[in-house]
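Student: Could you take me on a close look at a single part of this structure, and then show me how it connects to the rest? I am new to this, so please go step by step.

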Amino acid sequence: MLRSIDSYLLSPHVRYRLISNGYTTVEDIAHNPVEEICEDTGLFKEEALDVLMNVTADNEDSGRNVLSSNTAFQLLQQESLYLTTTCHKLDDVLGGGIPLMKLVEICGSPGIGKTQMSLQLCINSQLPKQYGGLDGEAMLIDTEGSFVVERLIDIASAAINFLSLQDPKIQNISMDNMLKNVHVRQCKDYSELLAVITLLPEFLREHSKIRLIVIDSISFHFRYGFDKNYSLRTRLLCGMAQSLIKLASEYNIAVVVTNQMTTKIIGPNKSHLIPSLGESWGHMCTIRIILYWKENKRWAVLLKSPWREEAIIQFQITTAGIRDTENCSVPTKRELSSPDTANQLKKSKM
């Protein structure tokens, strides 16, 4: 039996708009684009997105046993896989690579390598597990229009060459397969991004081999256009983060988002860069990595992790993708305080 819209806790105004325009069941809401719902009912995008997110979440949870649980040993087994970044020193700092079932944020200024990292992870997710991959597929949600398929081909070519040298008999590794296994969705505004995230569970059920979701970037459509209504922006961001964390946990996948940097004024003629979207968003992510420039070199600092200490490593971007730098050692604890950017980020307590 189809669940009625009347059974949900919606405001009288929203309920009237939906039912009077033919949206009477869950299926009527879940299978229509947000823009179409707004056009039919006269609701604002934010109202339609709230309805879509609440209805979808309640529908997924219906019939489940709220007391179901996993043992600590089962969780240990599920979290034993990591996705390599192809930068071995960064993998070491992270404890093995990008973890599954966690929300990982990669921040940095334009040109530092966030999109390059995103493309690298999409290719790495297809590698066999013995080479640091997940033997699966990836979904890339592009909000900035920065996806370039030619660059993805460069990184994929390097991965194919590596695998052919390691195991000439390996099968199903070709350029066509590599490209087919990266599902790309472009979002032109924040409402479209929220709608895509809301409908991801259905997409993941249809594409069960997806083991990685990347959003590049999470902040692009949220930095402007809210007319200083920051409470609305925070509410939408928190709901989106909760949805991504839930997806990572329930589907045992890796979720990575990139974020831009913004300037924070800390006194007269004094400022520094911090990740965008504010402190509330910063608390949502399990792991936060900051990429930055120092002396014309690229550095990555692990700023937030529940099980790894803060550390800084140097990396480079080559034609083949993200790589270690030659003669680059992991800094000691004392050296952690040397880069100015790292000091500023720690003091800001993001």
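Tutor: Let's begin with one pair of residues: Ile141 stands opposite Arg185, which belongs to strand E5. Keep in mind that this is a predicted model.

Ile141 is part of strand E4, which spans residues 137–142, and this strand is the part I'd like us to look at. Its partner in that first pair, strand E5, covers residues 182–186. E4 and E5 run in the parallel sense, and five bridges link them. E4 has another parallel partner as well: strand E6, residues 210–216, pairs with E4 over six bridges. On that side you can find Leu140 of E4 opposite Val214 of E6.

Now turn to how E4 is covered. Six of its six residues are buried. To picture this, remember that side chains in a regular strand alternate between the two faces of the sheet. In E4, one side holds Glu137, Met139 and Ile141, and the other holds Ala138, Leu140 and Asp142. Every one of these residues is buried, so both faces of the strand are covered, given that "buried" means under 20% relative accessible area. For comparison with the chain as a whole, 48% of its 350 residues count as buried.

What lies beside this covered strand? One neighbour is a small empty space, the second largest cavity, to whose lining E4 supplies at least two residues. Leu140 and Asp142 are both in this lining, together with Thr115, Ser118, Leu119, Ser146, Phe147 and Asp216. You have already met Leu140 as the residue facing Val214 across the pairing with E6. The volume of this cavity is about 30 Å³. Helix H7, residues 114–124, is the other element with at least two residues in the lining, and its three residues make up the largest share. Sorted by class, the lining has three nonpolar, three polar and two charged residues.

Asp216 deserves a second glance. Besides lining the second largest cavity, Asp216 is joined to Ser217 by a cis peptide bond, with omega at about 0°. Most peptide bonds are trans, which makes a cis bond something to notice. Ser217 sits in the loop between E6 and helix H12. Follow the chain through that loop and you arrive at H12, which spans residues 230–250.

H12 takes us to the other cavity. Searching the whole structure gives two cavities of 30 Å³ or more, and the largest has about 40 Å³ of space. H12 gives the most to its lining, with four residues, while helix H13, residues 278–284, also supplies at least two. The full lining is Arg233, Thr234, Leu237, Cys238, Leu277, Ser280 and Trp281. Four of these are nonpolar, two are polar and one is charged.

Among those lining residues, pause at Leu277. Leu277 lies in the loop between strand E9, residues 270–275, and H13. Although it is not a glycine, Leu277 has a positive phi of about 85°. Most residues other than glycine have a negative phi, so a positive value catches the eye. With a relative accessible area of 8%, Leu277 is buried.

A useful contrast is Glu295, another residue other than glycine with a positive phi, near 55°. Glu295 is found in the loop between strand E10, residues 287–294, and strand E11, residues 297–304. But here the surroundings are open: Glu295 counts as exposed, at 65% relative accessibility.

Finally, let's step back from our strand to the whole chain. E4 is part of a protein chain with 14 helices and 13 strands. When contacts between residues at least 6 apart in sequence are considered, 64% of them join residues at least 24 apart. The chain exposes about 17,500 Å², and carbon and sulfur atoms supply 51% of that area. So when you return to the picture, start again at E4: find E5 and E6 paired with it in the parallel sense, then look for Leu140 and Asp142 in the lining of the second largest cavity.

Technical notes: Residues are numbered from 1 along each chain as its sequence is written. This is a predicted model: local features need pLDDT of at least 70, side-chain atom pairs count only at pLDDT 80 or more; totals for chains, interfaces and linings use all residues. Side-chain values use heavy atoms; hydrogens and water are left out. On a 1 Å grid over the protein atoms alone, a cavity is a set of points where a 1.4 Å probe fits but cannot get out, and a pocket is an open set with protein on both sides within 12 Å along at least five of seven lines; lining residues have an atom within 4 Å of a point. Grid points are joined across faces, edges and corners, and a volume is the space filled by probe spheres set on the points. Ala, Val, Leu, Ile, Met, Phe, Trp, Tyr, Cys and Pro count as nonpolar, Asp, Glu, Lys and Arg as charged, and the others, Gly among them, as polar. Buried means under 20% relative accessible area, exposed over 50%, partly exposed in between (1.4 Å probe, protein chains only). Contact means heavy atoms within 4.5 Å. Accessible areas come from the Shrake-Rupley method with a 1.4 Å probe; for residues, only the protein chains shown count as cover. Two strands pair if DSSP finds at least two bridges between them.
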